[in-house]
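The report below concerns one short protein chain and the surroundings of a few of its residues. Please look over the sequence and the model before reading on.

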Amino acid sequence: MQVLLDPETFAHRDVRWVAGMDYNAGGKAPGGPFVPKGTVVGTSTPLATVVVDRAGGRD
């Protein structure tokens, strides 16, 4: 997992998951997709972050 920060403000920008080693996505079963080391296998980007005064608040 890699946490990506803005280089100027150090604000959280993204998270991505990268394969740390070569592997077959289907385990040891033959025919499963092969994922080479260094491949980005997932990402997550926050849409917005706010502080609210009460639970369920939107503004």
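Aspartate 6 touches Ala11 and Arg13, when residues up to four places away in sequence are not counted and contact is taken as heavy atoms within 4.5 Å. The model is predicted, so that local features need pLDDT of at least 70 and side-chain atom pairs count only at pLDDT 80 or more, while totals for chains, interfaces and linings use all residues. Residues are numbered from 1 along each chain as its sequence is written, and side-chain values use heavy atoms, with hydrogens and water left out.

Aspartate 6 lies in the loop between β1 (2-5) and β2 (12-18), where strands are DSSP runs (E) of at least two residues, numbered from the N terminus. The side chain of aspartate 6 reaches the backbone nitrogen of threonine 9 at 3.0 Å. Aspartate 6 is classed as buried because its relative accessible area is 18%, given that buried means under 20%, exposed over 50% and partly exposed in between (1.4 Å probe, protein chains only).

The strands on either side of this loop run antiparallel and are joined by 4 bridges; two strands pair if DSSP finds at least two bridges between them. Glutamine 2 has arginine 16 of β2 as its bridge partner. Together β1 and β2 form a hairpin with 6 residues between them, and phenylalanine 10 in the turn has a positive phi of about 65°.

Two further residues can be set beside aspartate 6 by location and accessibility.

| Residue | Location | Relative accessible area |
|---|---|---|
| Aspartate 6 | loop between β1 and β2 | 18%, buried |
| Histidine 12 | strand β2 | 38%, partly exposed |
| Tyrosine 23 | strand β3 (residues 23-24) | 32%, partly exposed |

Histidine 12 touches Val3, Leu4, Leu5 and Pro46, again leaving out residues up to four places away in sequence. Histidine 12 and proline 46 are 34 residues apart in sequence, yet their C-alpha atoms are 8.2 Å apart in space.

For the chain as a whole, there are 0 helices and 5 strands, helices being DSSP runs (H or I) of at least four residues. Along the sequence the pattern is β-β-β-β-β. Buried residues make up 10% of the 59 residues. Among contacts with a separation of 6 or more, 25% are between residues 24 or more positions apart. The accessible surface, from the Shrake-Rupley method with a 1.4 Å probe, comes to about 5,100 Å², of which 57% belongs to carbon and sulfur atoms.

How values were computed. Polar contact = N/O pair within 3.5 Å; in protein donor to acceptor, adjacent residues only side chain to side chain.
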